[in-house]
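Student: Hey, I've just opened this one and I'm new to it. Can you walk me through the odd spots in the backbone?
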Amino acid sequence: MRILFLSQFFDPEPFFKALPFAKELAKRGHSVEVLTGFPNYPGGRVYPGYRIKLIAREQMDGISIIRVPLYPSHDRSTFKRVLNYASFAFAAGILGLFVVKRADVAYVYHPPPTVGFAAIMMRIFRGIRFVYDIQDLWPDSLEATGMIRSKRALTLVAGWCSVVYRFASAIVVLSHGFKERLISRGVPADKIHVIFNWSPDQPATKDLQTGSRTTPAAAFSGKFNIVFAGNMGPAQALDTVLEAAEQMRDKASNVQFVFIGDGISLDDLKKKALERQLNNVVFLPRVSPAEAGRILQQADALLVHLKDDPLFAITIPSKTQAYLSAGKPILIGIRGDAARLVESANAGFSFKPESPSSLVSAVERLTCLAPAEREALGMNGKMYYEKNLSRGAAVDQFEQLFARVRQSVLD
């Protein structure tokens, strides 16, 4: 099949459903062309080696990539974030019509839902049907994170999402909770397909935003290290972890919380940790997925946490699969689907989100286990991942779905 891969985000930005996914499809004999923007996430600055221009073409591990202009931004400004999303959608929807090759089907990565504009343009003017992969449920996530508080604006976003859903030939979601939510909004059940995410496994690269590699051996030495790796924003509500660290500082001096990554809440978290003199909290800069994987192997436990919001009870953050794959015990502070996944794998302990005391209890429960028992929890998760959540299994499902969409065109 000829597959158009449409996503605002793509390598070298840290998105697991990007180059590895495209390469896997190409490996299976499909022709893949990518339409994307210029890399600027998560720092909001265009990566070194790139310069925004009207059209840029490149080859990346045998995959053809077309980049169109956008306004680079990823800060707290709603206006700038909207401009970032809208600029890519407009450029991809207009310029893309003239530069992409004919395709049998398009794979479209959401968020943001503005990418749906480009997908709809491709369907109307180029006849390319698309599979819409929803990784973040809008407007729910906007409301949950406080990015948009206006009820009118949220209603407009919901209306636009409904338009995109109608144009999509098929919709992919990452959890059964997402599917039920969409069905409640009138999306036909037979149009929605649950395909669980897999863990990122990109090759080692130099961190393009920091320009350096991180060696955390000294920071980890002699401690029981609980690692949170990934984006640090309002949705993660990581003040909870700082409060838990403060509670544990004196009674469990060997326990250390390690944050790896960046995000709009990072500076605030660092400031609070300094003010509270939390010597059991360490911050390390963002690294490549491959290097992050090596750091996870040095951890004693891995931490997942999201704000206590109904939306997050039906989501499964991608770090859950990454942590299962790493083979380390997991502490998960999310209600619903993600917690059930970890519990089904018998890979760790859940705790109440936004409850420092509940996190402290979970940490104490874990540290009381014998090393062999903690190792067993990690191995349980790894075996569960390999059996149920691997990339190969997920791409099999995508491939079958693409073929059905293509056949519907032929019929």
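Student: Where does asparagine 346 sit?
Tutor: Asparagine 346 is in the loop between helix H13 (337-344) and strand S14 (348-350). Helices (H or I, at least four residues) and strands (E, at least two) are DSSP runs, numbered from the N terminus. Residues are numbered from 1 along each chain as its sequence is written. The model is predicted, so local features need pLDDT of at least 70, side-chain atom pairs count only at pLDDT 80 or more, totals for chains, interfaces and linings use all residues, and side-chain values use heavy atoms, with hydrogens and water left out.
Student: What's the phi of asparagine 346?
Tutor: Near 50 degrees, a positive value in a residue other than glycine. Most residues other than glycine have a negative phi.
Student: Is asparagine 346 buried or exposed?
Tutor: Partly exposed, with a relative accessible area of 45%. Buried means under 20% relative accessible area, exposed over 50%, and partly exposed in between (1.4 Å probe, protein chains only).
Student: OK, and what about alanine 237, what's its phi?
Tutor: Alanine 237 has a positive phi too, about 45 degrees, and isn't a glycine. You'll find alanine 237 in the loop between strand S9 (224-229) and helix H9 (239-248). Alanine 237 is buried, at 13% relative accessible area.
Student: Switching topic: which residues does a cis peptide bond join?
Tutor: One such bond joins aspartate 11 and proline 12, with omega about 10 degrees. Proline 12 lies in the loop between strand S1 (2-6) and helix H1 (19-27). Another cis bond joins tyrosine 41 and proline 42, with omega about 5 degrees.
Student: And where is proline 42?
Tutor: In the loop between strand S2 (31-36) and strand S3 (56-60).
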